[in-house]
Amino acid sequence: MHTKHQKYSVLVLAFFLISIQSFSQRNDSVQLKENYLGFNVAGNIYSTFTDTDFFFENRDQNFDTIITQEDFYRYSYAFGLSYKNFKEKLVGINLELNYIKKGGYNEFHEDINGNDSLAIMFQHDLEYIELPFMMNLRFGWKRLKLNFYGGPHVAWLIGQEITILENTFGRQYKDKADFNFEFGVNGGGGISYQIGKHHMIELGVRYSHGITNVFKFETINSAVFNQNQAISARAHYYYRF
């Protein structure tokens, strides 16, 4: 299942980059020099990725928490710095440096010593510094434009918390992820509006899908991918310089 979704992500990214190249070749005659620097804030819905109908069964009656399909998604915020560069009318690049929360729910299938165990449900909250690098297609009028963007991101884990949600019966389980580095792909769209000569605001939506795992595959429930995904509603302010 991991291979299938990784192939889909790579195909989507490849299609977007080919489209960028096609637009770029058509607009070589229109040369611009636009640089924008600003900041962004976002509200996120995030989860570890699952492509199956799945629910966690609570075997310990002493715990009230029961996680179902409707509860898989968690909510948080993100913020960071943004940079745009356009040297052509339709095609540019976006660079960002963001703080973002990710994570979700899963089940441990091994204890800290590598011994098989009953599935133990846990909640995992992760904090990343993320660097997206995206191509930007834009269409529209002089001030109001429709933007589409996509490309890869890399992220470094800077903080995390694992909360065990079931009785472990004395066993110990991991308190941190196996992998601190994430590689993934982003895609989204938005509307930007130029205010005067130097100011621009942009509102948009973005989907982020991690390709790398958070835990070693054998450690957790393989029915639930331990790859991050997030949907963000974003607001940007840019200053043109």
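Which residue's side chain does E34 meet in a salt bridge?

**Entry 1: E34 and its partner**

I looked up E34 and found its side chain meeting that of R138 in a salt bridge, 3.1 Å from N to O. The pair links distant parts of the chain, with E34 in strand β1 and R138 in strand β4 (residues 116–140), 104 residues apart. For a salt bridge I take a side-chain nitrogen of Lys or Arg within 4 Å of a carboxyl oxygen of Asp or Glu. Helices are DSSP runs of H or I with at least four residues, strands are runs of E with at least two, and both are numbered from the N terminus. E34 is buried at a relative accessible area of 10%, and R138 is buried at 6%. By my cut-offs, buried is under 20% relative accessible area, exposed is over 50%, and partly exposed lies in between (1.4 Å probe, protein chains only).

**Entry 2: what kind of model this is**

A note to myself before going on: this is a predicted model, in which local features need pLDDT of at least 70 and side-chain atom pairs count only at pLDDT 80 or more, while totals for chains, interfaces and linings use all residues. Residues are numbered from 1 along each chain as its sequence is written, and side-chain values use heavy atoms, with hydrogens and water left out.

I checked pLDDT, the predictor's confidence in each residue, from 0 to 100. The protein averages 84, and 76% of the residues score at least 70. Among the elements, helix α1 (residues 2–26) has the lowest mean pLDDT, 55, and β6 has the highest, 97. I will read the helix with that value in mind.

**Entry 3: the overall layout**

I counted one helix and eight strands, and from the N terminus on they run α-β-β-β-β-β-β-β-β. Of the 241 residues in the protein, 47% are buried. I then turned to contacts, meaning heavy atoms within 4.5 Å. Among contacts with a separation of 6 or more, 76% are between residues 24 or more positions apart.

**Entry 4: more salt bridges**

How many salt bridges does a search of the whole structure find? The search gives nine. As a general reminder, side chains of opposite charge can pair when their charged atoms come close.

K84 and E202 are one of my favourite pairs: their side chains meet in a salt bridge of 3.2 Å, N to O. This pair also links distant parts of the chain, since K84 is in strand β2 and E202 in strand β7 (residues 199–210), 118 residues apart. K84 counts as buried at 1% relative accessibility, and E202 counts as buried at 2%.

E130 forms a salt bridge with K102, and here the closest N and O atoms are 2.7 Å apart. E130 belongs to strand β4 and K102 to strand β3 (residues 91–110), 28 residues apart. Both E130 and K102 are buried. I also noted that E96, R206 and R234 are joined into one network by salt bridges that share partners.

**Entry 5: S192 in β6**

Is S192 buried or exposed? S192 is buried, with a relative accessible area of 4%, and lies in strand β6 (residues 181–195). Its side chain joins that of N147 in a polar contact of 3.0 Å. A polar contact here is a pair of N or O atoms within 3.5 Å; within protein, one must be able to donate a hydrogen and the other to accept it, and residues adjacent in sequence count only if both atoms are side-chain atoms. Leaving aside neighbours within four places in sequence, S192 is in contact with R143, L144, K145, N147, M200, I201 and E202. E202 is familiar from the salt bridge with K84.

**Entry 6: F179 in a loop**

I found F179 in the loop between β5 (144–164) and β6. F179 is partly exposed, with a relative accessible area of 36%. The C-alpha atoms of F179 and V214 are separated by 5.4 Å, although the two residues are 35 apart along the chain. Outside the four places on either side in sequence, F179 is in contact with L157, N213, V214, F215 and K216.
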